[in-house]
Amino acid sequence: MELLFENQHIVVCVKPVGMDSEHEVPQALSGEIYTLHRLDKNVGGVMVYARTKAAAAALSKAIQNGAMVKEYVAQVHGTPPECGDWTDFLFKDSAKNKVFVVKKERKGVKKARLEFFRLTDGDPALVRIRLHTGRSHQIRVQFSSRGFPLVGDHKYGSRDEASAPMLFSCRISFPLFGKEYAFESLPEWAE
């Protein structure tokens, strides 16, 4: 696992595909580690973990206030618009571990928003995404619901041979104790 930065308050790493972000990554980092956000096991990318309770509290507040910005790259089937700002209502069926776009708010439904811009033309297309909300399977569901399933995302409509969704958390930025931090990493398939 690649470490991008660490000090007494935080550690920033690139989580490999196939590693659990809530248990396996903290164990690999060792010492006192506080998990602040998560990535699906079959998705890799840049993550930040707190080493102190004070840093965990400050970063949790940054997440709640929208001050932590997370960006992703994804390969999608089809050619989506050049850019977009999508808001949907998502419902998670926990029994099936699957998320669906629904038409209106009701119990168990959460609003989800992302912005994106297309980096390449053709099929598949490479897109860069900024999350405004962090909902379960959000990027996968919002793109699939519009006819652009992620390459390798067999749960949400992809029919290709890729073994995992082509989705990667490529950039994270946040304030902490009066300083701004930003970290970026790209997977080979997006360089």
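This report describes the charged side-chain pairs, a positive surface patch and the cysteines of one structure. The model is a predicted one.

**Salt bridges**

Side chains of opposite charge can pair when their charged atoms come close. In this model, a search of the whole structure returns 12 salt bridges, and three of the pairs are set out below with the closest distance between nitrogen and oxygen.

| Positive residue | Negative residue | N to O distance |
|---|---|---|
| Arginine 51 | Glutamate 6 | 2.8 Å |
| Arginine 128 | Glutamate 71 | 2.9 Å |
| Arginine 146 | Aspartate 88 | 2.8 Å |

The salt bridge between arginine 51 and glutamate 6 links distant parts of the chain, with arginine 51 placed in the loop between β4 (44-50) and α2 (53-65) and glutamate 6 in strand β1 (residues 2-6), 45 residues apart. Arginine 51 counts as buried at 18% relative accessibility, whereas glutamate 6, with a relative accessible area of 42%, is partly exposed.

For the salt bridge that joins arginine 128 to glutamate 71, arginine 128 lies in strand β9 and glutamate 71 in strand β5 (residues 69-76), so the pair ties together parts that are 57 residues apart in sequence. Arginine 128 is buried, with a relative accessible area of 13%, and glutamate 71 is buried as well, with a value of 16%.

The salt bridge of aspartate 88 with arginine 146 also links distant parts of the chain: aspartate 88 is in strand β6 (residues 83-93) and arginine 146 is in the loop between α3 and β10 (167-176), 58 residues apart. Here aspartate 88 counts as buried at 11% relative accessibility, while arginine 146 is partly exposed, with a relative accessible area of 29%.

Salt bridges also connect Glu22, Arg38, Asp40, Arg140 and Asp153 in a network.

**Positive patch**

On the surface, Lys92, Lys110, Arg135 and Lys155 form a positive patch. One of these residues, arginine 135, sits in the loop between β9 (125-131) and α3 (138-144), and with 31% relative accessibility arginine 135 counts as partly exposed.

**Cysteines**

The structure holds zero disulfides. Cysteine 13 takes part in no disulfide, and the nearest cysteine sulfur, belonging to cysteine 170, is 15 Å away. Seen from cysteine 170, the closest cysteine sulfur is that of cysteine 13, and the 15 Å between them is too far for a bond, because a disulfide requires sulfur atoms within 2.5 Å. Cysteine 13 is buried, with a relative accessible area of 0%, and cysteine 170 is likewise buried at 0%.

Key: Residues numbered from 1 in each chain as written. Predicted model: local features only at pLDDT ≥ 70, side-chain atom pairs only at ≥ 80, totals over all residues. Heavy atoms only, no water. Buried < 20%, exposed > 50% of the residue type's maximum accessible area, 1.4 Å probe, protein only. Patch = residues over 30% accessible without salt bridge, like charges linked within 9 Å, V, L, I, M, F, W, Y side chains within 5 Å. Areas by Shrake-Rupley, 256 points an atom, 1.4 Å probe, with all protein chains shown as cover. Salt bridge = Lys/Arg side-chain N within 4 Å of Asp/Glu carboxyl O. Lys, Arg positive; Asp, Glu negative; His and termini not counted. Charge placed at Lys NZ, Arg CZ, Asp CG, Glu CD. Helix = DSSP H or I, 4+ residues; strand = E, 2+ residues; numbered from the N terminus.
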